[in-house]
Amino acid sequence: MKGVHFLAAFCLLVLAFTLASAFDPSPLQDFCVAINDTKTGVFVNGKFCKDPKLATAEDFFFRGLNKPGNTANQLGSKVTQVNVLQILGLNTLGISLARIDFAPYGLNPPHIHPRGTEILTVLEGTLYVGFVTSDNRLITKVLYPGDVFVFPIGLIHFQFNVGNTNAVALAGLSSQNPGVITIAKAVFGSNPAINPDVLVKAFQLDLNIVKQLQSKLWMDNN
């Protein structure tokens with residue numbers, strides 16, 4: 001009888017493991033529309049894989065992260081990404097890297113990574129960083145060289161150089177292609193533009209102010 005109970009428990013455990021393992025893979029792009037005709041398919045969730053026998057050291061290598069990014073722009077910051085587009089060997093590995101350079105009082109503006117959590121460490125300078133939770137709570141911290149801070153996946157966050165010298169940070173992200181959506185650019189600089197009436201009501205702004213904001217050239221520091 002004990003053997004029957006053990007067998008039943010084992011079968012339930014196997015079934016539970018199977019159900020727990022049967023999940024959709026994390027998306028590596030904004031969306032992936034299904035098609036019935038595979039001949040017209042273009043994208044996969046990630047990139048097509050090279051024959052492992054043909055892989056070389058260059059597939060896992062990137063040179064140049066020691067070079068400062070050009071911060072001569074209206075934000076005073078530059079993000080140098082090292083993701084699957086730069087290192088093809090990152091495909092399917094679920095990790096990427098970025099260097100962020102800041103001019104004095106430079107800003108990496110409020111943005112989200114829809115597919116990755118970010119862990120950031122300051123190498124030089126002083127950064128005021130923070131993120132906003134899903135219940136609208138702001139969590140902030142001033143970081144100094146050697147400090148580490150985490151920005152949870154999908155939450156609005158920012159980094160601001162509060163010092164009068166340059167600042168540098170390195171960020172690891174939990175996706176080969178975490179994506180980035182800069183809030184101001186997405187809202188006021190989308191293509192095509194969002195109907196101004198929507199933004200007037202959403203932000204409680206005058207129509208002329210909304211149109212003025214939509215007419216600006218919203219830059220990307222990536």
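The following paragraphs describe the strand pairing, nonpolar cores, surface patch and one buried loop residue of a predicted model.

In this predicted model, 5 strands form an open sheet with antiparallel pairing, arranged in the order β6-β5-β8-β3-β10. The edges of the sheet are occupied by β6 (138–143) and β10 (181–182), each of which has a single partner strand, so that one side of each is left without a neighbour in the sheet. Strand β5, comprising residues 127–132, runs antiparallel to β6 and is joined to it by 6 bridges, and within this part of the sheet Leu-127 is placed opposite Leu-143 of β6. Strand β5 is also joined to β8 by 5 bridges, again in an antiparallel manner, with Gln-159 in β8 serving as the bridge partner of Val-129. Strand β8 (residues 157–161) is mostly covered, since 4 of its 5 residues are buried. Between β8 and the antiparallel strand β3 (residues 107–112) there are 3 bridges, and here His-111 has His-157 in β8 as its bridge partner.

The largest nonpolar core contains 17 residues, of which Ile-100, Leu-120, Leu-127, Val-129, Leu-143, Phe-149 and Phe-151 touch the most other members. Two or more residues are given to this core by each of β2 (96–102), β4 (118–124), β5, β7 (148–151) and β9 (167–173), and the largest share, 4 residues, comes from β9. When neighbours within four places in sequence are left aside, the contacts of Ile-100 include Val-79, Leu-120, Gln-159, Val-168 and Ala-171. Apart from this core lies another, made of 5 residues, among them Leu-65, Val-82, Ile-87 and Leu-90.

At the surface, Ile-119, Val-148 and Val-150 together make a nonpolar patch of about 240 Å². Of these residues, Ile-119 belongs to strand β4 and has a relative accessible area of 44%, which places Ile-119 in the partly exposed class.

A further residue to be described is Asp-59, which is located in the loop between α1 (2–21) and β1 (77–82). Asp-59 has a relative accessibility of 12% and therefore counts as buried, the cut-off for that class being under 20% relative accessible area. Beyond its neighbours within four places in sequence, Asp-59 is in contact with Lys-50, Leu-54, Ile-87, Leu-88 and Gly-89; of these, Ile-87 is also one of the residues of the 5-residue core.

How values were computed. Residues numbered from 1 in each chain as written. Predicted model: local features only at pLDDT ≥ 70, side-chain atom pairs only at ≥ 80, totals over all residues. Heavy atoms only, no water. Buried < 20%, exposed > 50% of the residue type's maximum accessible area, 1.4 Å probe, protein only. Contact = heavy atoms within 4.5 Å. Pairing = 2+ DSSP bridges. Core = buried A, V, L, I, M, F, W, Y, C linked by side-chain atoms within 4.5 Å. Patch = residues over 30% accessible without salt bridge, like charges linked within 9 Å, V, L, I, M, F, W, Y side chains within 5 Å. Areas by Shrake-Rupley, 256 points an atom, 1.4 Å probe, with all protein chains shown as cover. Salt bridge = Lys/Arg side-chain N within 4 Å of Asp/Glu carboxyl O.
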